[in-house]
Amino acid sequence: KSIDVFATTQSLDVIASLKTLIGAQGVVDDPDYSRLTAIIAKTPLLTELRNFAQLARLDVEACLNKLRKAAEKLAFRGLNTVIPTPVVRDFNGAIKAIQDHRLLSSKAVGYLHTIRVIGNLASHPSGETLTTDDVRVAAYALAAVVEEMLDRGMI
């Protein structure tokens, strides 16, 4: 059987890259990291982050790794308040357990994943170029998580 084929024209919209679009909408701490700096000053568990802003200016990857390690430590500490002997051994597993037990809001769980992923990019060869903007994203995310953990009495 024969098939009739009709050519049609359609418009094509070209937009900026997804990274560009999302980057402008992303929530970040200010250039001085004032939100996280204020949280660090009030939270004894975060004393190892006192110099993170200076470290961000010297070595972005080291700073992001430090923020990731602090977030991982907090996640395990928060998890231990509810489950005294968790069987979780890694950061991703701790985040999943926090989510499964509804210890933090979905937004805070998402922030933990953000810190984990950006921190992993900084900690392992990835080919990604990380900047102080990435530190500002991770700093905002960590501040939001710590605030919620404090509000819920987890730390």
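Me: What do the buried residues of α5 pack against?
Reply: In this predicted model, they pack against α4 and α6. Packing here rests on contact, which means heavy atoms within 4.5 Å.

Me: Which residues of α5 are buried, and what makes them count as buried?
Reply: They are Phe91, Gly93, Ala94, Ile95, Ala97 and Ile98. The word is used for a relative accessible area under 20%, so each of these six residues falls below that cut-off. Just past the helix, α5 is followed by Arg102, whose phi is positive, near 50°.

Me: Why is Gly119 called buried?
Reply: Good one to work through! Its relative accessible area is 0%. Buried means under 20%, and 0% is under 20%, so Gly119 is buried. You will find Gly119 in helix α6, residues 106–123.

Me: How do you know what Gly119 touches?
Reply: The test is heavy atoms within 4.5 Å. Leaving out residues up to four places away in sequence, Gly119 touches Leu64 and Arg68. As for distance, Gly119 and Val135 are 16 residues apart in sequence and 9.3 Å apart in space, C-alpha to C-alpha.

Me: What does Phe76 touch, and which helix holds it?
Reply: Phe76 lies in helix α4. Not counting residues up to four places away in sequence, Phe76 touches Val88, Arg89, Asp90, Phe91 and Ala94. Phe76 and Gly93, 17 residues apart in sequence, are 9.7 Å apart in space, C-alpha to C-alpha.

Me: How do you know that the buried residues of α2 sit on the same side?
Reply: First, meet them: the buried residues of α2 are Leu36, Ile39 and Ile40. They cover an arc of only 100° around the axis, which means that they lie on the same side of α2. On the other side of α2, Ala41 and Lys42 are exposed. Exposed means over 50% relative accessible area, so both pass that mark.

Me: What covers the buried residues of α2?
Reply: The cover includes α3, α4 and α7. Take Leu36 as an example: not counting residues up to four places away in sequence, Leu36 touches Asp29, Phe52, Leu67, Ala139, Leu142 and Ala143.

Me: What makes Leu36 stand out in the largest nonpolar core?
Reply: Of the 48 residues in that core, Leu36, Leu67, Leu104 and Leu142 touch the most other members. At least two core residues come from each of α2, α3, α4, α5, α6 and α7. The largest share, 11 residues, comes from α7. In soluble globular proteins, nonpolar side chains tend to be buried together.

Key: Residues numbered from 1 in each chain as written. Predicted model: local features only at pLDDT ≥ 70, side-chain atom pairs only at ≥ 80, totals over all residues. Heavy atoms only, no water. Helix = DSSP H or I, 4+ residues; strand = E, 2+ residues; numbered from the N terminus. Buried < 20%, exposed > 50% of the residue type's maximum accessible area, 1.4 Å probe, protein only. Core = buried A, V, L, I, M, F, W, Y, C linked by side-chain atoms within 4.5 Å. Arc of directions from axis to C-beta.
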